[in-house]
Amino acid sequence: MTGTERRQSYTPAEKEQMIEEAFRPGVLVTEVVRRLGVHESLLYRWLGLMKATGIAGAEPSSFVAVTITPEPTETETPVAEPPGPLPPPVRRRPALARGLRTHR
């Protein structure tokens, strides 16, 4: 900054609002900070301070986005069930140099 410009200061309510907006599920923090004109690390710093001091609203939402898919209809091909268990692996004795084998 040059001249008489000063750093922007934000009230605790403004900080909390920015944090809530930036850390909503499905929101990209980088897009929010670009629009708000603040640095991403500043939001993370405020979030950490709010968590450390126990200020309400500092915790991000505990809701998770869910996609519900419809049940397959009778015309759709159902997914095949996997075959039964795999056969046991074949045990081989290690071969040594010149084709010699170990005794068991």
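## Starting at E21

E21 touches V27, V32 and R35, once residues up to four places away in sequence are left out. This glutamate is found in helix 1. Is E21 buried or exposed? With a relative accessible area of 16%, E21 falls under the 20% cut-off and therefore counts as buried. Keep in mind that all of this comes from a predicted model.

## Overall layout and confidence

Step back to the whole protein chain and you find three helices and zero strands. Read along the sequence, that gives the pattern α-α-α. The chain has 104 residues, and buried ones make up 13% of them. As for contacts between residues at least 6 apart in sequence, 37% join residues at least 24 apart.

How far can you trust the picture? The mean pLDDT of the protein chain is 78, with 73% of its residues reaching 70 or more. Helix 2 has the highest confidence, at a mean of 92, and helix 3 the lowest, at 89. A general caution applies too: where pLDDT is low, the predicted coordinates should not be read in detail.

## The nonpolar core

The largest nonpolar core has twelve residues: M18, I19, A22, F23, V29, V32, V33, V38, L43, W46, L47 and M50. Helix 1 (12-22), helix 2 (29-36) and helix 3 (40-53) each put in at least two of these residues. Which helix gives the largest share? That would be helix 3, with four residues.

L43 is a handy residue to click on here. Setting aside its neighbours within four places in sequence, L43 is in contact with M18, I19, A22, F23, V29, V33 and V38. Each of those partners is itself on the list of core residues.

## How the helices pack

Helix 1 and helix 3 pack at an angle of about 110°, and their axes are 10 Å apart. Angles of 65 to 115 degrees count as roughly perpendicular, so that label fits helix 1 against helix 3. On the helix 1 side, the contact is made by P12, K15, E16, M18, I19 and A22, while helix 3 brings L43, W46, L47 and M50.

Helix 2 and helix 3 have axes that come within 9 Å and cross at roughly 105°. These two helices are therefore roughly perpendicular to each other as well. Where they meet, helix 2 offers V29, T30 and V33, and helix 3 offers E40, L43 and Y44. L43 turns up in the contact with helix 1 and again in the contact with helix 2.

## Two aromatic pairs

How many aromatic pairs does the count give? It comes to two. One is Y10 with W46, an edge-to-face pair at 5.5 Å centre to centre with 70° between the planes. This pair links distant parts of the chain, since Y10 sits in the segment before helix 1 and W46 in helix 3, 36 residues apart. W46 has a relative accessible area of 8%, which means that this tryptophan is buried.

The other pair is F23 with Y44, again edge-to-face, with 5.2 Å centre to centre and 75° between the planes. Here too the link joins distant parts of the chain: F23 lies in the loop between helix 1 and helix 2, Y44 lies in helix 3, and 21 residues separate them. What about accessibility? F23 is buried, with a relative accessible area of 18%, whereas Y44 is partly exposed at 42%.

## Tying it together

Both pairs have a partner in the nonpolar core, namely W46 and F23. W46 also takes part in the contact between helix 1 and helix 3, and Y44 in the one between helix 2 and helix 3.

How values were computed
Residues numbered from 1 in each chain as written. Predicted model: local features only at pLDDT ≥ 70, side-chain atom pairs only at ≥ 80, totals over all residues. Heavy atoms only, no water. Core = buried A, V, L, I, M, F, W, Y, C linked by side-chain atoms within 4.5 Å. Buried < 20%, exposed > 50% of the residue type's maximum accessible area, 1.4 Å probe, protein only. Contact = heavy atoms within 4.5 Å. Phe/Tyr/Trp six-rings, centres within 6.5 Å; stacked < 30°, edge-to-face > 60°. pLDDT = per-residue confidence, 0-100. Axes fitted to C-alpha atoms, helices over the stretch in contact; angles between N-to-C directions. Parallel < 35°, antiparallel > 145°, perpendicular 65-115°, else oblique.
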